[in-house]
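Student: Could you walk me through how to read a structure like this one, feature by feature?

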Amino acid sequence: MKRVLITGTAGFIGFHLAKRMLAEGFTVAGLDIINDYYDTHVKYGRLNILGFEQAEIKAGRNESRQFPGHLLYVTDLCDKKALETVFEEFKPEVVVNLAAQAGVRYSLSNPQAYIDSNIQGFINILECCRHHGVKNLLYASSSSVYGLDKSNPFSASQHTDHPMSLYAASKKSNEMMAHVYSHLFGLPTTGLRFFTVYGPWGRPDMALFLFTKAMLENKPIDVFNFGNMLRDFTYVDDIVEGLVRIARKPATAAADFDPMLPDPAKSSAPYRIYNIGNNNPVKLMDFIQAIEEKLGVIAEKNLLPLQAGDVPETYADVSELERDFGYRPNTSVKHGIDQFIDWYRDFYGKNK
């Protein structure tokens, strides 16, 4: 299966995945609305590397100057008619749905954005996959679905019935919606619960970006839960490696599925859920220290309470992904932070 549609291709993970798949010879189409949730200079910078000049990007279909055959559709997932046109024209065999309204904290003040993008947009993706013969659908879920559950490490076979934010609830909903389409229509679906992804070209609303920016500007950083956070920081290249492997191997029905003791991570339908993380949680204060060492700066820290919707600890059990795909993350936090800061200094040195 070589024809891959990646939604959210102007986004952090989508961009890295498109670049990797193009390098490996896949025929790739990207789709993005290019909204202003965060600095669009970063989004257009990513697209420029994929061969799309900002001044030339228009609504609808765009062709890459860098990669022959690579397309970018500037389209809203909520526009079902426009999305149908994308599927009719490109005829994807594999769809990787990474487009979503991201962010736990933003969901507290802008809940409708999550219903529109993460619920309405996802049902449109499912319908298009169903009616256009897609052979493999991958989609982004999140470690935030574990919510109030404090069992560590988190296993994809745990129940996730107590989300703490609308963002988490929307991702849990995606998993349930995907199962329905796998069960009723035989659509192979695989949900990936991402754990705190970071790296070059990362999102400006994420901790590493915010900390780096503030430290370089000699401003204090906000450290929530008084620094008592544990995060399974996962380097973006490790995430992409997992996605590429899964794209080549659609979900299948589990022969050992027991309806009397159902495992939430699999089904009698072609449906799978996996954690995709580093399997090595890091203390937030150690993470900050690694940034300080790279920058040669000691941060002034505003120690604040845990924010509503946030979870204090994340820790991914990736044994199922290792068993089924031979996936094992191997990027150290120090290396990942160094790579991000080198990118940040280069990008913002040129784009001030």
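We'll go through a helix, the cysteines and a few backbone details.

Tutor: One thing up front: this is a predicted model. Let's begin with a helix.

Student: Fine. How many residues does α6 have, and what distance does the helix reach from its first C-alpha to its last?

Tutor: The idea is to set the end-to-end distance beside the value expected at 1.5 Å a residue. Helix α6 covers residues 166–185, which is 20 residues, and it reaches 28 Å, close to the expected 28 Å.

Student: Which residues of α6 are buried?

Tutor: For that you look at relative accessible area, where buried means under 20%. In α6 the buried set is Y167, A168, S170, K171, K172, N174, E175, M177, A178, Y181 and S182. Polar and charged names turn up there too, including K171, K172 and E175.

Student: And what do the buried residues of α6 pack against?

Tutor: Two helices and three strands: α4 (106–109) and α5 (111–131), plus β6 (136–142), β7 (189–194) and β12 (271–276).

Student: Which residues make the nonpolar surface patch?

Tutor: V180, L184 and F185 make it, and the patch comes to about 260 Å². Take V180, which sits in helix α6. V180 counts as partly exposed because its relative accessibility is 38%, and partly exposed runs between the 20% and 50% cut-offs.

Student: What happens to the backbone just after α6?

Tutor: G186 comes there, with a positive phi of about 70°.

Student: Which residues other than glycine have a positive phi?

Tutor: T196 and F226 are two cases to look at. T196 has phi near 35° and is found in the loop between β7 and β8 (197–198). F226 has phi near 55° and lies in the loop between β9 (221–223) and β10 (230–231).

Student: Are T196 and F226 buried or partly exposed?

Tutor: T196 is buried, because its relative accessible area is 19%, and the limit for buried is under 20%. F226 counts as partly exposed, since its relative accessibility is 46%.

Student: While we're on the backbone, where is the cis peptide bond?

Tutor: Omega is the angle to check. The cis bond joins N152 and P153, with omega about -5°. P153 is found in the loop between β6 and α6.

Student: Now the cysteines. How many disulfides are there?

Tutor: The test is whether two cysteine sulfur atoms lie within 2.5 Å. By that rule the count is zero.

Student: Why is C78 not bonded to C128?

Tutor: The C128 sulfur is the closest cysteine sulfur to that of C78, but C78 stays unbonded because the 12 Å between them is too far for a bond. C128 is in no disulfide either: its nearest cysteine sulfur, in C129, is 7.2 Å away.

Student: Which of C78 and C128 is buried, and which is partly exposed?

Tutor: C128 is buried, with a relative accessible area of 0%. C78 is partly exposed, at 29%.

Student: One last residue: where is A299, and what is A299 in contact with?

Tutor: A299 is in the loop between α9 (284–295) and β14 (301–303). For contacts, set aside the neighbours within four places in sequence; what remains for A299 is M215, I221 and E292. A299 is buried, with a relative accessible area of 8%.

Student: What separates the C-alpha atoms of A299 and N228?

Tutor: A distance of 16 Å, with the two residues 71 apart along the chain.

Key
Residues are numbered from 1 along each chain as its sequence is written. This is a predicted model: local features need pLDDT of at least 70, side-chain atom pairs count only at pLDDT 80 or more; totals for chains, interfaces and linings use all residues. Side-chain values use heavy atoms; hydrogens and water are left out. Helices (H or I, at least four residues) and strands (E, at least two) are DSSP runs, numbered from the N terminus. The expected span of a helix is 1.5 Å times one less than its number of residues. Buried means under 20% relative accessible area, exposed over 50%, partly exposed in between (1.4 Å probe, protein chains only). Contact means heavy atoms within 4.5 Å. Patches are made of residues with over 30% relative accessible area and no salt bridge: like charges are joined within 9 Å, nonpolar side chains (Val, Leu, Ile, Met, Phe, Trp, Tyr) within 5 Å. Accessible areas come from the Shrake-Rupley method with a 1.4 Å probe; for residues, only the protein chains shown count as cover. A salt bridge is a side-chain nitrogen of Lys or Arg within 4 Å of a carboxyl oxygen of Asp or Glu.
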